Amino acid sequence: MKRSLLILATVILSLISFPGAWAQMPIKLYVAPQVKPDSTDIAYYGKEHFWRATGEVVGFNLGLWAFDRYIQKGDFAYISWHTIKENFRHGFKWDNDKLGTNMFAHPYNGNLFFNAARSNGYNFWKSELFAIGGSAMWELFMECEYPSTNDIIATPIGGAAIGEVCFRASDAVLDDRLTGAARFGREFAAFLISPMRGLTRVLTSDAWRVRPTSGRLFGTPNFAMEFSLGARMLEFRHERYDASIGAAAEINIEYGDRFEVKSTKPYDYFTFRGCVNIVNSQPLLGQMEIKGRLLARELLEKERQHMSIGLYQHFDFYDSDTISSVSAKVPYKLGIPASLGCGIMFRDIERHRFVLDAYAHANAVILGSVLSDHYDVDERNYNLASGFSIKGGVNLVFDKSRFSLSLSNEYYRLFTWKGYRRGTNLDNVDYKTLDAQGDRSVALFNVTELRADLRVWKKLYATFSFSNYLRSTHYRDYPHMTSNSFALRLMLTYKL
């Protein structure tokens, strides 16, 4: 599916204003003391409004279609009753859009459907139904291309992950007690973070209505943020070495208490990490990770040790492109918009001037994607797949946040089970009718990262990180392929 410039502009604005994070921050400095939500706010904003939520979902799809059809004049937007009938007759197929479109832009759109309901009083689970409905409407009615199997999975499931993060981040910004410039600034920021919530507040006049309480559905939770800016070098080792150097920025958040398990509401605890590249030939969005806790139980609670187990939703996105014409090879690509699994967290409270915490996750990957060495059809150069992932890490903080060291590893095993027929000439294939996940293959993708933070002045830290990306793929019809690349980051990090 093609995506409009309107959506891309919204995504960029959201990234600029959006907080992101490590799996667990090496050093956490909380933004504000925790405050529980007011029951008045919960009663006021917790009322469900079905028709308003439905109208926003349908209205967004119609508006996006009109933009694509009359402004962009995209071929896919020339719909008719005939194209709708064809969509129902043919059914769903795997599409051939870019990684950024399928694994990020579609989930981002799902976040808009999700938050149309979330901002109209619906809880996490009910809002997911609106995301499914909005995605189905677009796939079946709003395009003259056959509906996409991967989109109907990635849009609502990935949309729920991005959507709940956006909803809670916008909630932390809003304050209904304010007036004037301070109020406008907060409303504008909340609109950038969660456009559908901002639209709902405008439609209901809540954007300027002054109330005696803050209007926050989650009060003021434990909330740690950090912003990093510096240089990044990416080096790719294949037939020959190839490297590029440029600027990079990271925006990080850890929301909630990882060991507070009394509440079972989805995303009472989550982490988010967003990495933006300003490197020649590389994608703007280089990495995005979300880990959202859906439910949890306490395993250990002692004076110095804590351990909890939970069910987590994961969203993973790694993107790179050809570094230069020297190698003409892409280092890596990975997109996991739909993943769910079990996670364990452990913390040893300060002793001998250091604090230790560790975590481990085992996940089922419902839908994923990984770079292919052979599949290059239309805009897609990756295989769609399913499988599993294993993630783990350890953090050490020394001398009351003066210095920290963290090590993490993420292992993905992805299986492409619906390939094209043997002997298919991909150069001449009709990509509009080809229904394949890609090359029949089994792929391994592994990311190892080491990071160190040293405090140089108050809340300012010098950050060094090293990341190694290893990809290994066994193909049914081609020789086994491996590639290795690494990235170095030297940054200044400000922890709010």
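**Exercise 1. A salt bridge within one helix**

At 21% relative accessibility, does Glu86 count as buried, partly exposed or exposed? Classify Glu86, and then describe the salt bridge that its side chain makes.

*Solution.* The model is a predicted one, and the values used in these exercises are computed from it. Residues under 20% relative accessible area are called buried and those over 50% exposed, so Glu86, at 21%, counts as partly exposed. The next step is to find its partner: the side chain of Glu86 meets that of Arg89 in a salt bridge, with 2.8 Å from N to O. Both residues belong to helix 4, which covers residues 81–90, and they stand 3 residues apart, about one turn of the helix. The last step is to classify the partner, and Arg89, with a relative accessibility of 58%, counts as exposed.

**Exercise 2. A salt bridge between distant parts of the sequence**

Determine which parts of the chain are tied together by the pair Arg471 and Asp373, and state how far each residue is covered.

*Solution.* Begin with the contact itself, a salt bridge between the side chains of Arg471 and Asp373 at 2.9 Å, N to O. Arg471 is found in strand 11 (residues 460–475), while Asp373 is found in the loop between strand 7 (354–371) and strand 8 (382–398), so the pair ties together parts that are 98 residues apart in sequence. Turning to the surroundings, Arg471 is buried, since its relative accessible area is 2%, whereas Asp373, at 22% relative accessibility, counts as partly exposed.

**Exercise 3. Counting salt bridges and finding a network**

How many salt bridges does the structure hold, and which residues are linked in a network of them?

*Solution.* The count for the structure is 30 salt bridges. A network of salt bridges links Asp41, Asp176, Arg183, Glu187, Arg201 and Arg211. A further pair to examine is Asp453 and Arg451, whose side chains meet in a salt bridge of 2.6 Å, N to O; both Asp453 and Arg451 are buried.

**Exercise 4. Cysteines and disulfides**

How many disulfides does the structure hold, and why is Cys166 not bonded to Cys275?

*Solution.* Recall first that a disulfide is a covalent bond between the sulfur atoms of two cysteines. The structure holds 0 disulfides. For Cys166, the closest cysteine sulfur is that of Cys275, and because the two sulfurs are 16 Å apart, they are too far from each other for a bond. Cys166 is itself buried, with a relative accessible area of 1%, while another cysteine, Cys144, counts as partly exposed at 30% relative accessibility.

**Exercise 5. Tyr267, its backbone and its core**

Describe the backbone angle phi of Tyr267, and then work out where this residue is placed and what surrounds it.

*Solution.* Most residues other than glycine have a negative phi. Tyr267, although it is not a glycine, has a positive phi of about 70°. Its place is in the loop between strand 2 (241–255) and strand 3 (270–278), and with a relative accessible area of 0% Tyr267 is buried. The largest nonpolar core has 55 residues, and Tyr267 is one of those that touch the most other members, together with Ile162, Met288, Ile290, Phe315 and Phe317. Apart from this core lies another of 17 residues, including Phe236 and Leu334. A second positive phi in a residue other than glycine, near 55°, occurs at Lys73, which lies in the loop between helix 3 (50–71) and helix 4.

**Exercise 6. A nonpolar patch on the surface**

Which residues form the nonpolar patch on the surface, and which strands each supply at least two of its residues?

*Solution.* The patch is formed by Val394, Phe398, Leu405, Leu407 and Leu450, which together have about 350 Å² of accessible area. Strand 8 and strand 9 (403–416) each supply at least two residues of the patch. Phe398 lies in strand 8 and is partly exposed, with a relative accessible area of 32%.

**Exercise 7. Met142 in its loop**

Decide whether Met142 is buried or exposed, and name its contacts beyond its neighbours within four places in sequence.

*Solution.* Met142 is placed in the loop between helix 6 (124–141) and helix 7 (149–173), and its relative accessible area of 5% makes it buried. Leaving aside neighbours within four places in sequence, Met142 is in contact with residues including Asn61, Leu62, Trp65 and Phe76. The C-alpha atoms of Met142 and Ala66 are 9.7 Å apart, although the two residues are 76 residues apart along the chain.

How values were computed
Residues are numbered from 1 along each chain as its sequence is written. This is a predicted model: local features need pLDDT of at least 70, side-chain atom pairs count only at pLDDT 80 or more; totals for chains, interfaces and linings use all residues. Side-chain values use heavy atoms; hydrogens and water are left out. A salt bridge is a side-chain nitrogen of Lys or Arg within 4 Å of a carboxyl oxygen of Asp or Glu. Helices (H or I, at least four residues) and strands (E, at least two) are DSSP runs, numbered from the N terminus. Buried means under 20% relative accessible area, exposed over 50%, partly exposed in between (1.4 Å probe, protein chains only). A disulfide is a pair of cysteine sulfur atoms within 2.5 Å. A nonpolar core is a set of buried Ala, Val, Leu, Ile, Met, Phe, Trp, Tyr and Cys residues joined through side-chain atoms within 4.5 Å. Patches are made of residues with over 30% relative accessible area and no salt bridge: like charges are joined within 9 Å, nonpolar side chains (Val, Leu, Ile, Met, Phe, Trp, Tyr) within 5 Å. Accessible areas come from the Shrake-Rupley method with a 1.4 Å probe; for residues, only the protein chains shown count as cover. Contact means heavy atoms within 4.5 Å.
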